[in-house]
Structure formats: C-alpha cells, structure tokens
Amino acid sequence: MACTCAALVGVACSSSSSSSSSGLSPNVIALPADNVAEVSVDYGLPNIGYIDGLFAKITVCVPGSTSDCQTIDHVLVDTGSSGLRLFGSVLTLSLPELTDANGVALAECTPLMSGSLWGPLRSADFSIANEQASDLIIQVIDESTYPMPTGCTGTDISDPNDLAANGILGVGWSLQDCGPSCAARVGPSNSGMYFTCSSATADGCQAASVRVAQQVSNPVAFFSQDNNGVIIELPAIPAEGAPSVTGSLVFGIGTRENNGLGSATVIRLDDSGDFLTKYPTNGSASFAFIDSGSNATFFPDSGTTHIPTCFSAKHPEVSAFYCPSSTLNLSARVQDTYGMVAFNVDFSVANAMNLFTSQYDVAFDNLAGPDSPPPSGTGDTFAYFDWGLPFHFGKNVFTAIEGQATPGGSGPFAAF
Amino acid sequence: MQTIPLASTLFRNVLPTCAFFALLLGSSPASAALGGDVSSIGAGQTHLLASARIQRAATHVMHELQAPTGTKVREYLGNDGKVFAVSWQGPFRPDLRQLLGTYYDTYIQAAKGRVARGPVNIELPGLVIHMSGHQRAFYGRAYLVDRVPQGLSTDEIR
C-alpha cells in the first residue's frame with residue numbers, strides 16, 4: 001500500500017513498505033503495532049550520553065507468571081549479536097536458573113568490545129510490542145553468583161554504567177549466540193563460551209559442552225509468529241546530528257503488510273554472518289557486517305585515502321574516530337561472498353570532534369572511525385568493515401534469521 | 001564482468017609470506033606471553049596446545065598454536081627468543097591475561113573509558129593492540145613497537 005506522507009522525524013505512515021537504499025525516497029517507518037516496537041536513539045542512561053546507541057524497552061516475567069514481571073528500558077538493540085542479556089543489578093525478578101543434566105548451573109563468558117560479560121543463564125518469559133517468547137534462555141550479567149573464571153578476561157563490564165545500557169537485546173542472524181560449536185565436546189572444536197558452575201568458589205566453573213536448546217537464544221526466533229527476522233527503521237537525520245531520534249523495530253519479514261522486503265536488496269551472509277565491502281570501491285575487500293550495536297561506521301582506510309583520526313590530549317578516547325578536515329562523501333562497494341550481488345553504497349565521514357561539540361546531539365549518520373591502525377605499507381589490512389548505527393538512518397535494514405523462510409529466501413541475510 | 005573474489009582467497013586464509021616454511025611434527029614448544037620467552041609460562045598454564053605449525057623467517061619465528069577454544073593464536077619470536085607480537089583469530093577471544101602477560105594491565109588501563117562501541121585500537125608508545133570482530137568471529141593482534149624486527153612490516157602480524 002503506497003504511503004503518501006513523508007517520513008520526517010517523528011512522523012510515520014499508517015502502513016509501511018521498505019524503500020530503496022539510494023536514499024532518494026525517504027524510508028517509510030511502521031507505526032507501533034503488534035509486531036512493531038518503538039525504539040529510540042537518545043541520551044541513554046542518566047549522565048552517560050551514549051552516542052549512536054539504539055534503545056528499546058522490554059518486559060521479562062518469571063516463566064508462567066503474568067504479574068511477576070519487570071519492564072526494563074534502555075536495552076541496547078543489537079543486530080550484531082543474538083541473545084538477551086540483562087544486568088543482575090537491574091533485574092528485580094528471581095528467574096529460574098538453567099542447569100545441565102546433572103543439575104549443575106550453567107553460566108557464560110561472552111566477549112564484548114574490550115571485555116567480557118560473565119553470568120549465569122536464566123529463563124524468562126520475554127515480551128516486546130505484542131510478541132512473546134516463553135521460557136527464553138537469557139544471560140544475567142552478574143559476577144557475584146559465580147566468580148569469573150580466569151580465562152574470561154578484559155575490561156570489567158559488570159554494571160550498566162560500564163555498558164551505558166541496562167542490557168543488550170541481541171536480535172541478529174543466529175538462533176543462539178554460540179550454536180553447534182558450543183555443543184561439541186570441550187576442546188578445540190568448542191568455542192569455550194559456556195561453563196558449568198558447581199560451586200561459587202574461585203575454580204567453581206569449568207568449560208562445558210551445552211546443547212543448542214540450552215544456549216542463550218535469539219528472542220525473535222522464539223516468538224510464535226513474526227519470527228524470521230527483524231527490520232530496523234530509522235528516519236534520516238540532518239548532517240549535524242540530532243538530540244533524539246525515534247524509529248521502529250519491526251518483527252518479521254514478509255509476515256504482515258507492514259514488513260515486506262519491498263525493493264530492498266538481499267545480501268546473503270556467510271557462516272560467520274559476514275559479507276564483503278571494498279573501500280575504496282576498487283580497493284581490496286574486507287569482511288563486512290551490519291551491526292546496529294556498533295556506534296559508528298568502523299572501516300579501514302587504505303593507504304591512498306588516509307583519513308586522520310581525532311586527537312585530544314584531554315580525551316584520548318576520541319582517537320577511536322575519524323577527523324577529516326571537512327566532511328567526506330565516500331562510496332564503498334558491498335558484495336556478498338557468493339558472487340551474487342555487488343553494488344555501491346554512499347556514506348559520509350564527518351569530523352567527529354566537530355560533531356561532539358554539540359552538547360545535545362547524540363545521533364549522527366556520519367560518525368566513523370578506523371577498524372585498524374593505518375597500514376604501514378601495501379597489502380590487505382587485517383580489518384572488518386563494520387556498518388554500524390550511522391548506516392541505518394534513512395534506511396529500513398533487514399536481518400533474516402538463519403534457516404527461517406522469508407519471501408526473499410531463507411536466512412541468514414541482510415537486506416536494505 | 002569483474003571477478004568477485006571467493007572468501008577462501010581473502011585474508012582469513014592468507015598467511016604471511018616467509019622466506020622459509022617448515023612443519024615440525026611432534027614438537028611442543030611451550031607458549032609464552034607478549035614480551036616473554038618460552039620460560040615465561042606460568043605454573044599450571046597449559047591453556048595453549050602444542051604448536052600446530054612453526055614458520056621460520058630471517059627476522060623471526062612464528063608459532064601457530066591452538067587455544068582450547070578453537071581459536072588460532074600466533075606468537076612471533078624475535079632472534080632474541082622473546083615474543084614481540086601475538087595475534088589471534090577464532091570464534092572466541094583467547095585469554096588476554098595469558099597472551100598479553102605483563103602488558104595486560106596496560107591494556108586494561110588503556111581500554112577503559114572508551115566511548116566507541118566497535119573495534120579496539122590502542123596505540124601507545126611501544127605497544128599497539130587492535131581487536132575487532134563480532135559474535136562468533138573475533139580477531140586481534142598486539143605488538144611491541146620497538147621490538148618488531150627490522151625488515152618486517154607490521155602488516156604481516158595477523
């Protein structure tokens with residue numbers, strides 16, 4: 001059904017279909033509905049000022065209960081991972097623990113950014129919009145129930161302030177966060193994310209083999225309908241940024257009138273969830289992925305287009321972003337790994353320090369940073385092209401779950 | 001029509017070119033941390049399995065080991081027998097405390113306070129650490145800038 005009104009910030013049409021990725025026609029954003037949850041890019045937790053973070057509000061209940069429930073806001077919407085993870089310090093419910101066949105508790109070490117999330121597995125009835133998943137296996141981030149094993153390393157992420165969010169809603173392409181490799185016997189074939197914890201002492205947790213049905217799961221895959229993927233729909237924003245942006249997280253691809261693929265191009269993903277991107281368009285290819293949980297476009301700049309990174313003696317962390325002297329309008333070539341699709345995508349890279357001088361803006365469609373130190377010579381840089389949240393503004397971006405049928409074929413795929 | 005490269009030809013499977021390549025079967029040199037040598041392995045640390053491969057070049061020796069989690073770890077030793085670089089690739093991030101050794105605390109201090117949620121790039125005088133990837137596919141590398149042998153490009157540390 002055609003939509004006649006423009007998709008301005010905060011204004012949406014009564015029905016929605018996806019639009020082209022060229023940006024020439026504004027994307028149409030679905031209104032809240034049974035399968036549509038409102039999401040927002042905003043300041044985040046009080047006093048944190050999260051830049052380019054997409055947040056949702058979710059509800060969890062003790063399994064089988066409709067009253068023993070808790071609604072939690074500012075959960076990061078992350079298409080780069082699968083699984084719901086909530087900080088134990090935020091959760092007020094007492095959720096049942098997951099145990100193995102011998103009754104021993106299960107826990108997980110989840111690598112994230114520079115650190116790891118550690119904590120026990122629990123089950124919960126999960127709901128968002130009018131979609132529900134019963135007995136969903138989630139991770140509670142909590143280092144006090146069982147001590148972190150020594151092999152679970154990195155910066156401490158045990159408190160919402162460490163993440164600047166109350167949790168992570170991983171709604172990516174995979175059914176579980178680990179999959180068959182964590183069901184393999186402990187050893188070189190097992191990714192080593194899961195542990196059984198027989199006691200709360202220092203060595204109480206041991207690496208374990210956990211069958212797929214007991215792993216932390218993609219909530220969307222366990223809805224009774226609209227369970228084959230998600231669409232993130234955010235309006236376009238001005239080049240200088242915006243203080244807050246409201247959009248939609250739509251459940252299902254092609255399951256209702258409001259979630260068809262429309263003219264989006266399907267990009268099938270490989271076994272790791274990746275496709276390819278060449279920057280410049282005739283340069284060497286990096287593996288690439290779309291990730292609403294990354295808060296910039298992170299990519300390697302080749303030796304020929306050396307984009308300076310930001311420098312601030314007072315805030316050394318800004319070196320994670322690019323600072324060209326003026327905004328660059330660039331183009332990259334997106335391809336799948338199967339030789340089926342290839343097309344160019346335009347994107348902008350603004351001077352991040354200029355963006356940050358605005359005290360109120362937190363949403364930017366042109367924030368970017370390096371995914372590798374600049375190469376010292378020629379040759380492939382060891383880097384990914386991470387199409388993070390900035391890529392999503394003004395587009396409807398689809399993530400299809402592995403093995404689930406959609407009108408565009410089975411997942412896993414990305415489409416925009 | 002432009003040839004689109006297959007995944008198998010891209011960096012995931014590319015090895016650094018070296019002057020001399022050798023596969024030693026049955027040897028089991030101990031693993032070592034960044035900056036350490038083979039005697040720096042701690043008591044009871046058998047996390048890293050025996051070298052699957054050893055690659056020798058004029059400037060260094062690279063040991064490729066497999067972490068218990070299936071992650072491939074490479075250690076680069078200079079002619080002084082000390083590890084000047086490490087790299088890793090796999091579905092789980094390896095034990096950074098063990099891999100970075102005495103540089104682990106420096107890493108923690110440098111990584112705190114990051115506002116970027118994406119790759120980790122730490123560039124300190126003398127130490128570079130780069131980590132990237134996503135769920136199911138992590139990789140990274142760390143090297144001691146002043147100890148990278150002359151004639152070896154840091155691009156080959158991967």
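# Close-up views of a predicted two-chain model

**View 1. Strand 15 of chain A is covered on both faces.** The strand runs over residues 275–278 of chain A. F275(A) and T277(A) lie on one side, and both are buried. L276(A) and K278(A) lie on the other side, and these two are buried as well. This is a predicted model, and the views that follow come from that prediction.

**View 2. Strand 15 and strand 16 of chain A form a hairpin.** Six residues sit between the two strands. The pairing is antiparallel and runs over four bridges. Which residue of strand 16 is the bridge partner of T277(A)? The partner is S286(A).

**View 3. Strand 15 of chain A also pairs with strand 18 of chain A.** Strand 18 covers residues 328–335. The sense is again antiparallel, with three bridges between the strands. T277(A) stands opposite V334(A) here. T277(A) thus appears in both pairings, with S286(A) in strand 16 and with V334(A) in strand 18.

**View 4. C310(A) sits in a loop of chain A.** The loop joins strand 17 (297–299) to strand 18. Is C310(A) buried or exposed? C310(A) is buried, because 20 other C-beta atoms lie within 10 Å. Leaving out residues up to four places away in sequence, C310(A) touches V318(A), S319(A), F321(A) and C323(A). A352(A) and M353(A) are also touched by C310(A). Y322(A) is twelve residues from C310(A) in sequence. In space, their C-alpha atoms are 5.6 Å apart.

**View 5. Chain A is assigned two domains.** Domain 1 spans residues 36–222, and domain 2 spans residues 263–415. Their centres, taken over C-alpha atoms, are separated by 26 Å. The contact between them takes 23 residues from domain 1 and 23 residues from domain 2. On the domain 1 side, strand 3 (residues 69–78) gives the largest share, three residues. That side has twelve nonpolar, eight polar and three charged residues.

**View 6. Chain A as a whole has two helices and 23 strands.** Its radius of gyration is 21 Å, close to the 22 Å that the globule rule gives for 416 residues, so chain A is as compact as a globular protein of that length. The C-alpha trace spans about 60 × 55 × 45 Å along its principal axes. Of the 416 residues, 57% count as buried. Take the contacts in chain A between residues at least 6 apart in sequence: 68% of them join residues at least 24 apart.

**View 7. Chain A meets chain B through 55 residues of chain A and 45 residues of chain B.** Three strands of chain A each supply at least two residues to the chain A side: strand 16 (285–290), strand 20 (368–370) and strand 21 (384–387). Strand 16 is also the hairpin partner of strand 15. By class, the chain A side has 18 nonpolar, 30 polar and seven charged residues. For the complex, the predictor gives an ipTM of 0.86 and a pTM of 0.88.

**View 8. Chain B has two helices and eight strands.** What pattern does chain B follow along the sequence? The order is β-β-β-β-β-α-α-β-β-β. Of its 158 residues, 42% count as buried. Among contacts in chain B between residues at least 6 apart in sequence, 44% join residues at least 24 apart.

**View 9. Confidence varies along chain B.** The mean pLDDT of chain B is 75, and 71% of the residues score at least 70. Where in chain B is confidence lowest, and where is it highest? Strand 1 (residues 20–22) is lowest, at a mean of 33. Helix 2 (residues 104–111) is highest, at 94. Over residues 1–30 of chain B, pLDDT stays under 50. The model has 34 contacts beyond four places in sequence for that stretch. Residues 41–46 of chain B also stay under 50, with four such contacts.

**View 10. Chain A has a mean pLDDT of 90.** In chain A, 91% of residues reach 70 or more. Residues 1–23 of chain A stay under 50, and the model has 55 contacts beyond four places in sequence for them. Residues 374–381 of chain A are below 50 too. This second stretch has 18 contacts beyond near neighbours in sequence. Where pLDDT is low, the predicted coordinates should not be read in detail.

Conventions: Residues numbered from 1 in each chain as written. Chains lettered and ligands numbered in written order. Predicted model: local features only at pLDDT ≥ 70, side-chain atom pairs only at ≥ 80, totals over all residues. pLDDT = per-residue confidence, 0-100. Contact = placed C-beta atoms within 7 Å. Nonpolar A, V, L, I, M, F, W, Y, C, P; charged D, E, K, R; others polar. Buried ≥ 20, exposed ≤ 12 C-beta atoms within 10 Å, placed from the backbone. Pairing = 2+ DSSP bridges. Domains from an automatic or database assignment. Rg over C-alpha atoms; globule rule 2.2 N^0.38 Å.
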